[in-house]
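Subject: A structure for you to look at

Hello,

I am passing on the structure we talked about, and I hope you enjoy looking through it. Please open it first, and then read my notes alongside.

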Amino acid sequence: MIVRPSTAADAEALAAIYGHDVLHGFGTFEEVPPSPAEMAQRRLAIVERGLPHVVAEEGGRVLGFAYAGLFRPRAAYRFTVEDSVYVAPDAHGRGVGKAVLTEVLAACEALGLRQVMAVIGDSGNAGSIGLHTSLGFEPAGVCRSVGFKHGRWVDTVWMQKPLNGGDTSPPAAEGLALTGH
């Protein structure tokens, strides 16, 4: 398995992996799977900001992907991102999620960012909670019953990981260019 930056050619695989979670899981609160063209646009929006978007590939097949996106648009959040990670259903438990998220975290640290947030759909999502815990994320809170999907109320679990010393010192980098007021 190799981890590499995603490309526009990966859009079909990204849509298939994410679409499965949309239709069958709670990791995303989206309810209609986006098209490959939409996934290509979303990927491009991440990459154009200089943020990491990576895939794990084995034998020419994309097994999973992860990226860092904006946490919030306001300028004061310029040192914080939110991670996302999705793995093909037949690749769960093989270290794919850990491989892609580790790469994203390293890239975020290299950018001088200070906090990474995980907003995990479903408090019963042991796989994602375990993955984030294994990479040093700590619980930051639970928002109970904020989504309704597949006929039931669903929580979000918030986890957080400091990078580059977190809040122990002022940032040395400029952070992300955010224009929200």
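Here is something to start with: is A118 buried or exposed? Please keep in mind that this is a predicted model. A118 is buried, because its relative accessible area is 1%, and buried means under 20%. You will find A118 in strand β5. If you set aside the neighbours within four places in sequence, A118 is in contact with D83, H132, F137, V157, W158 and M159. You could also look from A118 across to V142: the two are 24 residues apart in sequence, and their C-alpha atoms are 11 Å apart in space.

Next, the helices. Two packed helices are described by the angle between their axes and the distance between the axes. Helix α1 covers residues 11-24 and helix α2 covers residues 36-48. Their axes are 8 Å apart, and the helices pack at an angle of about 105°. The two are therefore roughly perpendicular to each other. On the α1 side, the residues that meet α2 are A11, E12, L14, A15 and Y18. Their partners in α2 are P36, M39, A40, R42 and R43. By class, this contact has seven nonpolar residues, three charged ones and no polar ones.

Now for the pockets. How much volume does the largest pocket have? The value is about 850 Å³. The largest pocket is lined by 39 residues, and those closest to its centre are G27, V85, Y86, N125 and S128. Several elements give two or more residues to this lining: α1, β3 (61-70), β4 (80-87), α3 (96-110), β5 (115-121) and α4 (126-134). Of these, β4 gives the most, with six residues. Sorted by class, the lining of the largest pocket has 17 polar, 16 nonpolar and six charged residues.

The second largest pocket holds about 170 Å³ of space. Its lining is made up of Y18, T28, E30, M39, R42, R43, I46, H53, F65, Y67 and Y86. The elements that give two or more residues here are α2 and β3, and α2 has the largest share, with four residues. In this lining, six residues are nonpolar, three are charged and two are polar. Some names will be familiar by now: Y18, M39, R42 and R43 belong to the contact of α1 with α2, and they also line the second largest pocket. Y86 lines the second largest pocket and is among the residues closest to the centre of the largest pocket.

Finally, two residues have backbone angles that you may want to see for yourself. Which loop holds D122? D122 lies in the loop between β5 and α4. Although D122 is not a glycine, it has a positive phi of about 85°. D122 counts as buried, because its relative accessibility is 11%. The other residue is S145, in strand β6 (residues 138-149). S145 is also a residue other than glycine with a positive phi, in this case near 50°. At 38% relative accessibility, S145 counts as partly exposed.

If you would like a route through the model, you could begin at A118 in β5, go on to D122 in the loop between β5 and α4, and end at S145 in β6.

Best wishes

Notes: Residues numbered from 1 in each chain as written. Predicted model: local features only at pLDDT ≥ 70, side-chain atom pairs only at ≥ 80, totals over all residues. Heavy atoms only, no water. Axes fitted to C-alpha atoms, helices over the stretch in contact; angles between N-to-C directions. Parallel < 35°, antiparallel > 145°, perpendicular 65-115°, else oblique. Contact = heavy atoms within 4.5 Å. Nonpolar A, V, L, I, M, F, W, Y, C, P; charged D, E, K, R; others polar. 1 Å grid on protein atoms, 1.4 Å probe; cavity = no way out; pocket = protein on both sides within 12 Å on 5 of 7 lines; lining within 4 Å. Points joined across faces, edges and corners; volume = space filled by probe spheres on them. Buried < 20%, exposed > 50% of the residue type's maximum accessible area, 1.4 Å probe, protein only.
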